[in-house]
Amino acid sequence: MLSEAIGSVLPVAVAVALSPIPIVAVVVLLGTPRARSNGAAFTLGWIAGLAVVMAVVLLLAGGTDSDSSDTTVSWGLLALGVLLLALAVRQWRTRPRRGEDPKLPAWLATVDAFTPAKSFVAGVLLSGVNPKNLALTIAAAGSIALADLDSAQELWAAVVFVAIASSSVIVLVAASLVAHDRMTRPLATVRAFMAEHNAAIMTVILLLLGVKLVGDALPGL
């Protein structure tokens, strides 16, 4: 059923939406001289990256017979679940120790020079190529593929996933476009919180989703 498929991908979509580094990136972009154009371009790139990954996985899952496809998808979900659990452990082990400043990607320091084209590419890379979000999006597409939906229902489930997974970026960009001056301080607060607690947030998200995917995969094996 469509409602069950949406329910199964909802936690994964929320996890993508709450990914700290992309949120920090879009907040930094919104503080640049080209905030409006760069923010809009990043948002479009983010949505495009998620949509392409989702479409590719659903097409591949639909290209084989039902029984073998379901088994393959279940094994894929199991592998992704184990991968997310391993990433959770790695994230926690590499977290900043007490008193250490969190390490952010070096490219964030170059965001001031971004053009809309570079911002679009950054959105695509952070949503569709970033290993953690890529794994989460593939997992969501796998859950949809296992739900035995027709093409129209799969499309709706995919659209809901992309919309929810993009909600944080869309809300931040829209708020900045509508009230840029008033959002400066709140955006700085969001940036500082996400940067400081990146490791803890991602550890919890990856751990919970890893357990969920393993549980979802086992009945189909």
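Which residues are buried in α7? Before selecting them, note that this is a predicted model, in which local features need pLDDT of at least 70, side-chain atom pairs count only at pLDDT 80 or more, and totals for chains, interfaces and linings use all residues. Residues are numbered from 1 along each chain as its sequence is written, and side-chain values use heavy atoms, with hydrogens and water left out.

Begin with the whole protein, which has 10 helices and 0 strands, where helices (H or I, at least four residues) and strands (E, at least two) are DSSP runs numbered from the N terminus. The radius of gyration, taken over C-alpha atoms, is 18 Å, close to the 17 Å that the globule rule gives for 221 residues, so the protein is as compact as a globular protein of that length; the rule itself is 2.2 Å times the number of residues to the power 0.38.

Next, select residues 151–165, which form helix α7. Here Glu154, Ala157, Ala158, Phe161, Val162 and Ala165 are buried, meaning under 20% relative accessible area, whereas exposed means over 50% and partly exposed lies in between (1.4 Å probe, protein chains only). These buried residues cover an arc of only 130 degrees around the axis, which puts them on the same side of α7; the arc is that of the directions from the helix axis to the C-beta atoms. An α-helix has 3.6 residues a turn, so residues three or four places apart point the same way. Turn to the other side of α7, and you will find Leu155 and Trp156 exposed.

Now add α1 (2–17), α3 (35–61), α6 (131–146) and α8 (167–178), against which the buried residues of α7 pack. Zoom in on Phe161, which, if residues up to four places away in sequence are not counted, touches Val9, Val12, Ala13, Val16, Met54, Thr137 and Ala140, a contact being heavy atoms within 4.5 Å. Phe161 is also among the residues with the most contacts inside the largest nonpolar core, together with Val26, Phe42 and Met54. That core has 62 residues, and the term describes a set of buried Ala, Val, Leu, Ile, Met, Phe, Trp, Tyr and Cys residues joined through side-chain atoms within 4.5 Å.

Finally, move to helix α3 and select Thr43, which counts as buried at 10% relative accessibility and, leaving aside its neighbours within four places in sequence, is in contact with Val169, Ile170 and Val173. Val57 lies in α3 too, and with residues up to four places away in sequence not counted, Val57 touches Ile138, Ala141 and Gly142.

How values were computed:
Expected span 1.5 Å × (residues − 1).
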